[in-house]
Amino acid sequence: MNAPFKNLIAGEWVEGASVNPNINPSNTKDVVGEYVRASKQQAEEAIAAAKAAFPAWARSTPQERYEILKKASDEILARKDELGRLLSREEGKTLAEGVGETVRAGQIFAFFAGECLRLSGEKLASVRPGVEVDITREPVGVVGMITPWNFPIAIPSWKIAPALAYGNCVVLKPADLVPGCSWAIVDILHRAGLPKGVLNLVMGRGSEVGQTILDHKDVDAITFTGSVPTGRKVAAAAVGGTRMKKLQLEMGGKNPLVVLDDADLKVAVEVAVNGAFFSTGQRCTASSRLIVQAGIHDKFVEACVERLKGLVIDDALKPGTHIGPVVDQGQLDQDLKYIGIAKEEGAKLAWGGELLNRETPGFYLQPALFTETTNDMRISREEVFGPVANVIRVQSYDEALAMANDTEFGLSSGICTSSLKYASHFKRNSEAGMIMVNLPTAGVDYHVPFGGRKGSSYGSREQGAYAREFYTTVKTAYTFPG
């Protein structure tokens with residue numbers, strides 16, 4: 001075993017308070033690496049380092065920031081196979097998905113390298129004679145980042161890249177379950193030439209490291225992606241202290257996919273299976289509610305079951321694997337709990353839901369598809385975050401739309417139809433932040449805004465040019481030349 005991977009504080013790699021083994025969910029005998037956990041004091045030191053580095057970094061040139069982010073992008077893309085394999089080992093995505101997510105991370109850094117050179121302001125005429133008005137954007141300051149385990153390289157990237165592009169300093173706490181990819185990204189940026197203290201990595205538990213970031217008076221903004229219960233705690237901490245922090249939350253989803261009678265059956269099945277079950281269903285944008293019109297319902301269910309029977313659930317690194325393992329025992333227990341709840345509620349298990357044994361010990365679960373469900377069942381209301389989906393039969397488009405919107409979440413929604421009328425109406429009236437027509441609800445571009453409504457999101461959007469709304473603050477300056 002190699003020496004443990006260290007935290008980065010004030011430009012130096014430092015030991016932690018304890019060591020955390022990073023376990024491969026495809027093979028629990030495989031330790032990906034050992035990563036140190038920071039103490040509360042070390043988290044405070046990281047925040048102090050970010051605060052000290054902020055004045056100079058905030059006034060760095062766009063060219064300096066561009067070159068660092070572009071260099072990081074180039075290295076990520078050059079190492080996509082290596083980093084993708086690391087991702088698949090620590091999180092359980094298939095190797096193709098791991099490499100694809102890594103490429104996306106590289107593209108995100110390239111996009112925000114360009115944003116360094118595109119940040120603009122406005123000059124307006126005042127209503128008062130002789131007065132000039134300048135509107136500019138400035139960095140927020142020290143940004144605390146708390147990231148989840150399900151996209152261990154993409155989500156840290158789409159938070160770090162805009163923060164640095166717009167001149168902020170960062171304290172990053174990745175998910176304790178999957179620290180490897182975040183460590184790799186921080187190492188790449190460190191070697192790309194970031195000044196000391198601009199980017200700090202403090203791996204560890206949320207109860208200690210995360211809470212210190214939330215409570216600290218010198219953290220100006222918090223961006224969090226994770227569960228709704230944790231998001232509510234983050235929000236309370238961010239606004240409840242002596243200093244209210246700027247806040248951005250991306251939380252859960254119970255995303256509907258509507259399938260109308262006029263849908264292309266083959267397209268609808270591929271959209272549903274991909275959206276619901278790929279990445280082991282561990283996506284906040286997954287299609288967990290399949291709302292299907294009566295005329296196509298039986299054919300759709302039959303075709304979905306046949307498609308699921310053909311999927312290979314195995315080691316994420318094996319060629320030909322379609323779906324890897326669940327991320328860990330805790331998440332597997334949650335998936336099995338909801339499968340049991342669905343059965344107790346009277347849902348019919350059309351396929352799957354069984355634990356699987358493979359060559360190596362891991363958290364393998366057959367995708368579970370339930371039918372004969374209603375929208376008031378717990379399986380339809382609560383986020384499972386696993387390869388579990390349920391089909392709800394409806395009679396009409398209007399009923400399908402109403403049911404799709406009948407949820408406390410509002411992240412992503414989709415519709416499969418050949419009707420331009422219904423597609424256009426759904427795009428306008430679906431109560432979600434992202435709408436997909438004949439596409440999986442999971443799967444978005446890196447250069448456009450990401451986020452939802454209702455209980456799914458709070459604050460301004462992530463990704464694309466819209467990211468500047470969170471990572472900058474607007475200043476209005478008046479001048480009377482005299």
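This passage walks through a few spots in a predicted model, starting with what the record says and then moving from residue to residue.

An unreviewed UniProt entry gives residues 13-476 the label "domain: Aldehyde dehydrogenase". Over that stretch, the chain is 41% helix and 21% strand. The C-alpha atoms at the two ends of the stretch sit 40 Å apart.

The unreviewed entry also lists Glu250 under "active site". In the model, this glutamate belongs to strand β11, which covers residues 246-250. Is glutamate 250 buried or exposed? Its relative accessibility comes out at 3%, and buried means under 20%, so glutamate 250 counts as buried. Setting aside neighbours within four places in sequence, the contacts of glutamate 250 include Phe224, Thr225 and Gly226. Leu411 is in contact with glutamate 250 as well, and so are Phe450, Gly451 and Gly452. Ser456, Ser457 and Glu462 round off the list of contacts for glutamate 250.

Next come two serines. Serine 157 is part of helix α5, made up of residues 154-165. With a relative accessible area of 0%, serine 157 is buried. Which residues does serine 157 touch, once those up to four places away in sequence are left out? The answer is Ala105, Ile108, Phe109, Pro162 and Ile185. Take isoleucine 108 from that list: 49 residues separate it from serine 157 along the chain, yet the C-alpha atoms of the two are 6.8 Å apart.

Serine 39, on the other hand, is found in a loop, the one linking β4 (27-37) to α1 (40-58). The relative accessibility here is 17%, and the cut-off for buried is under 20%, so serine 39 counts as buried too. Beyond neighbours within four places in sequence, serine 39 is in contact with Ala17 and Glu208.

Now for a pair of helices. Helix α13 runs over residues 397-405 and helix α14 over residues 420-429. How do they sit relative to each other? Their axes come within 11 Å and cross at roughly 25°. Angles under 35 degrees count as roughly parallel, so that is the description that fits α13 and α14. The crossing of α13 past α14 is right-handed. On the α13 side, the residues that meet α14 are Tyr397, Leu401 and Asn405. Their partners in α14 are Tyr422, His425, Phe426 and Asn429. Sorted by class, this contact has four nonpolar residues, three polar ones and no charged ones.

Finally, two residues stand out for their backbone angles. Phenylalanine 385 has a phi near 65°, which is a positive value in a residue other than glycine. This phenylalanine lies in the loop between α12 (378-381) and β16 (388-394). Phenylalanine 385 counts as buried because its relative accessibility is 16%. Asparagine 438 is not a glycine either, but its phi is positive, at about 60°. The loop that holds asparagine 438 runs between β18 (434-437) and β19 (457-458). Its relative accessible area is 30%, so asparagine 438 is partly exposed.

Notes: Residues numbered from 1 in each chain as written. Predicted model: local features only at pLDDT ≥ 70, side-chain atom pairs only at ≥ 80, totals over all residues. Heavy atoms only, no water. UniProt positions renumbered as here; feature names shortened; annotations may be inferred. Helix = DSSP H or I, 4+ residues; strand = E, 2+ residues; numbered from the N terminus. Buried < 20%, exposed > 50% of the residue type's maximum accessible area, 1.4 Å probe, protein only. Contact = heavy atoms within 4.5 Å. Axes fitted to C-alpha atoms, helices over the stretch in contact; angles between N-to-C directions. Parallel < 35°, antiparallel > 145°, perpendicular 65-115°, else oblique. Left-handed = near helix turned anticlockwise from the far one by under 90°. Nonpolar A, V, L, I, M, F, W, Y, C, P; charged D, E, K, R; others polar.
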